[in-house]
Amino acid sequence: WKAVLAIQLFLTNFAELVHGLTIPLGLSPLWSLAVEEHYYLLFPVVYLVLLKSNLSRGRQGALLGTACAVALMWRFVLMGHYHVFWNRVYIGTDTRLDSILFGAIMAIIANPVIDEFPALNRKWCCTAALVSVALLLATIAARGEFFRQTARYSIEGIALAPVFFYLVRYSDSWVTRRLEWKPLTTIGDLSYALYVFHYTVMFAVNTWVTTNPVATLVLTFAISCVLAELSRRFIERPAARLRNGILEKGRLAAIAEAVTTAS
């Protein structure tokens with residue numbers, strides 16, 4: 001029950017680091033949801049302070065980039081000096097916030113939708129994206145645990161930026177159009193639920209059905225897709241409607257208050 005409470009409070013990642021506290025089988029992937037929620041609570045406050053400070057977007061990006069550098073150095077300290085178990089770095093909020101922060105920096109200083117970069121032509125952007133893909137593959141191929149839990153996250157965060165920039169800015173490209181293929185976008189819509197469910201499903205298939213790797217892969221994917229679709233229809237969409245209704249009421253109330261104040 002302590003583990004269940006930790007999950008409900010978005011503390012799964014820290015709960016897994018507490019000796020004697022076991023997260024129920026299959027729910028350990030929720031560590032990443034905890035990191036995301038911590039980020040969503042923290043970043044709006046930080047960004048509001050940056051906006052009120054009247055700093056240029058470039059300086060905002062520099063400050064946030066410094067935070068990413070601090071996270072990188074902290075990972076080196078934990079792995080190199082304190083010799084912590086790799087899982088401490090892998091799931092810690094303090095060690096993984098930069099993975100999301102890189103995207104925020106890109107949105108602020110190099111937004112492919114709203115920013116103009118006359119010096120960047122399509123050829124340069126395509127080349128940068130291809131180099132970045134090669135770099136990403138190299139970081140995946142490298143198996144040394146020290147590198148994987150230190151520099152890898154920073155390299156991948158930086159390398160993803162040119163890829164995203166190209167795909168968003170050149171939506172008419174062959175690659176972007178292939179990625180917008182309906183089966184792929186459907187998987188994208190289901191992706192987080194697939195991530196949450198697949199671990200439990202995989203263990204269930206291995207325990208009660210088969211240990212054959214190919215059969216496990218096929219059954220896990222198929223069953224997880226069904227569960228993800230059920231989640232989308234009966235949990236995510238109703239929750240979204242409830243959220244939108246609350247936001248709309250708040251918006252209308254704010255408009256009414258503004259009208260009353262003006263009159």
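Start by selecting Asp-172 in this predicted model: at 47% relative accessibility, Asp-172 counts as partly exposed. Its side chain meets that of Arg-122 in a salt bridge, 3.3 Å from N to O. Arg-122 lies in helix α8 and Asp-172 in the loop between α10 and α11 (174-179), so the pair ties together parts that are 50 residues apart in sequence. Arg-122 is partly exposed as well, with 35% relative accessibility.

**The whole chain**

Zoom out and colour by secondary structure. The protein chain holds 13 helices and 0 strands. Its C-alpha trace spans about 65 × 50 × 45 Å along the principal axes. Of the 263 residues, 30% are buried. Take the contacts between residues at least 6 apart in sequence: 61% of them join residues at least 24 apart.

Now colour by confidence. The mean pLDDT of the chain is 93, and 100% of the residues reach 70 or more. Among the elements, helix α1 (residues 2-8) has the lowest mean, 86, and helix α4 (residues 57-81) the highest, 97.

**Other salt bridges**

The count of salt bridges comes to 9. Select Arg-57 and Asp-115, which form one of them, with the closest N and O atoms 3.0 Å apart. Arg-57 sits in helix α4 and Asp-115 in the loop between α7 and α8 (122-141), 58 residues apart, so this pair links distant parts of the chain. The two partners differ in exposure: Arg-57 is partly exposed at 42% relative accessible area, whereas Asp-115 counts as buried at 7%.

Move on to Glu-116, whose side chain meets that of Arg-169 in a salt bridge (3.8 Å, N to O). Here too distant parts are linked: Glu-116 is in the loop between α7 and α8, while Arg-169 belongs to helix α10 (residues 151-169), 53 residues apart. Glu-116 is exposed, with a relative accessible area of 65%, and Arg-169 is partly exposed, with 23%.

Then select Asp-189, Glu-229, Arg-232 and Arg-233 together; a network of salt bridges links them.

**The nonpolar cores**

Show side chains for Tyr-39, Phe-43, Leu-50, Leu-64, Cys-68, Leu-97, Leu-101, Phe-102, Ala-104, Ile-105 and Ile-108. These 11 residues form the largest nonpolar core. Helices α3 (31-52), α4 and α7 (98-109) each give two or more residues to this core. The largest share, 5 residues, comes from α7.

Centre the view on Phe-43. Leaving aside neighbours within four places in sequence, Phe-43 is in contact with Leu-64, Leu-101 and Ala-104. For a second, separate core of 8 residues, select Met-106, Ala-129, Phe-165 and Tyr-166, which are among its members.

**The bent helix**

Select residues 182-208, helix α12. This helix has 27 residues, but its end C-alpha atoms are only 33 Å apart, short of the 39 Å that a straight helix would reach at 1.5 Å a residue. Where does α12 bend? Look at Ser-191, where the bend is about 55°.

Add the side chains of Leu-190, Ala-193, Leu-194, Val-201 and Val-205, which are buried in α12. An α-helix has 3.6 residues a turn, so residues three or four places apart point the same way. Display α13 (213-262) next; this helix is part of what covers the buried residues of α12.

**Two residues with positive phi**

Two loop residues finish the tour. Most residues other than glycine have a negative phi. Select Phe-10, which has a positive phi of about 60° although it is not a glycine. Phe-10 is in the loop between α1 and α2 (12-15). Is this residue buried, partly exposed or exposed? Phe-10 is partly exposed, with a relative accessible area of 32%.

Last, select His-83 in the loop between α4 and α5 (86-91). Phi of His-83 is near 55°, again a positive value in a residue other than glycine. At 62% relative accessibility, His-83 counts as exposed.

Key. Residues are numbered from 1 along each chain as its sequence is written. This is a predicted model: local features need pLDDT of at least 70, side-chain atom pairs count only at pLDDT 80 or more; totals for chains, interfaces and linings use all residues. Side-chain values use heavy atoms; hydrogens and water are left out. pLDDT is the predictor's confidence in each residue, from 0 to 100. Helices (H or I, at least four residues) and strands (E, at least two) are DSSP runs, numbered from the N terminus. The expected span of a helix is 1.5 Å times one less than its number of residues. The bend at a residue is the angle between axes fitted to the seven residues ending there and the seven starting there. Buried means under 20% relative accessible area, exposed over 50%, partly exposed in between (1.4 Å probe, protein chains only). Contact means heavy atoms within 4.5 Å. A nonpolar core is a set of buried Ala, Val, Leu, Ile, Met, Phe, Trp, Tyr and Cys residues joined through side-chain atoms within 4.5 Å. A salt bridge is a side-chain nitrogen of Lys or Arg within 4 Å of a carboxyl oxygen of Asp or Glu.
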